[in-house]
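Reader: Could you take me through one part of this thing up close? I'd like to hear what sits beside what, in plain words.

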Amino acid sequence: MLGASRSRVLEVLRAAAEPVAVQDVAERSGLHRNTARFHLDGLVDAGLAAREAEDRSMPGRPRIVYRALVSQVPAGQRNYRLLAEMLTSVVADTLPEPDRAAVTAGEAWGRYLADRPAPSQRIDAAEAVRRLSTVLADAGFAPGAAEGAADPVIPLRHCPFREIAEQHREVVCSLHLGLMRGVLAEIRAPLAADRLEPFVQPSLCLAYLARAPRLPVDPAGTTLSPVTSGRASRRRSGRAGQVEGGQDGHPDGGAGRPGPP
């Protein structure tokens with residue numbers, strides 16, 4: 001079963017008279033460009049769309065375009081849940097700190113899926129929650145309205161990987177925590193994902209956000225990490241210093257184990 005965002009992307013392809021590029025799909029579906037590409041690639045993997053080079057006579061490199069296909073693949077032919085379970089078990093069983101590795105991977109994907117603001121744009125807490133909720137909704141978490149102003153809590157009413165999370169919570173929930181941290185870091189939010197409390201109810205997880213110090217931004221609009229900014233400050237002052245906290249300003253080093261259900 002396709003999620004709401006992926007179904008919307010598929011509808012765009014089916015409604016198009018000719019193959020369309022990622023940017024066109026993003027504009028017609030109302031999704032961020034990277035999110036649209038993510039769902040397009042998922043449709044290709046599922047046999048519902050085809051990816052091809054644009055056929056044109058104009059000079060220059062042809063664009064990559066997508067078109068809808070009539071799927072002839074029987075249901076269950078591709079078992080992505082089984083693949084996810086196998087890969088998750090590899091992470092859980094072979095890595096010395098699977099939760100830390102999952103957070104790091106989640107942060108990278110969160111940054112990729114976030115819509116980075118312009119270098120001069122300042123994101124307040126309300127806008128940060130809105131942008132984070134958009135990414136979470138596109139990924140299938142069905143986020144509800146945030147509760148609390150100073151330290152918002154976002155209810156997540158659907159886990160798209162629930163069956164796997166129930167078996168490997170330290171990996172899957174840490175991946176989700178990292179995803180949220182990556183999004184908030186990429187948009188230079190005044191908030192950080194503090195912790196994720198999974199399965200407080202059978203279909204409810206709680207994402208706890210907390211105020212985060214605003215970090216410096218380089219001329220390209222990239223948020224500098226505490227380590228990077230600390231080094232730069234020490235170079236300017238000529239004095240040795242010490243950066244408090246861990247990765248992305250979190251005292252736990254950025255790994256953060258999700259709380260108990």
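Author: One term before we start: two strands count as a pair here if DSSP finds at least two bridges between them. Also keep in mind that this is a predicted model.

Let's zoom in on the sheet with the order 1-3-2, an open one made of three strands with antiparallel pairing. Strand 1 (20–21) and strand 2 (49–53) are the edge strands; each has a single partner strand, so one side of each is left without a neighbour in the sheet.

Now look at how strand 1 meets strand 3, residues 64–68: the two run antiparallel and are joined over two bridges. If you want a spot to click on, try A21, which stands opposite V65 in strand 3.

Next come the helices. Helix 1, residues 4–15, packs on this sheet and touches strand 1, strand 2 and strand 3. Its direction makes about 90 degrees with that of strand 3. Helix 3 (residues 33–45) packs on the sheet too, with strand 2 and strand 3 as the strands it touches. Set against strand 2, the direction of helix 3 comes out at about 110 degrees.

For reference while you scroll along the chain, there's also an open sheet of three strands with the order 4-6-5, again with antiparallel pairing. Strand 4 (153–156) and strand 5 (191–201) are its edge strands, each pairing on one side only. In that sheet, strand 5 and strand 6 (residues 204–211) pair over seven bridges, and A192 stands opposite A210 in strand 6.

Terms used
Residues are numbered from 1 along each chain as its sequence is written. This is a predicted model: local features need pLDDT of at least 70, side-chain atom pairs count only at pLDDT 80 or more; totals for chains, interfaces and linings use all residues. Side-chain values use heavy atoms; hydrogens and water are left out. Helices (H or I, at least four residues) and strands (E, at least two) are DSSP runs, numbered from the N terminus. Contact means heavy atoms within 4.5 Å. Axes are lines fitted to C-alpha atoms, for helices over the stretch in contact, and angles run from 0 to 180 degrees between N-to-C directions.
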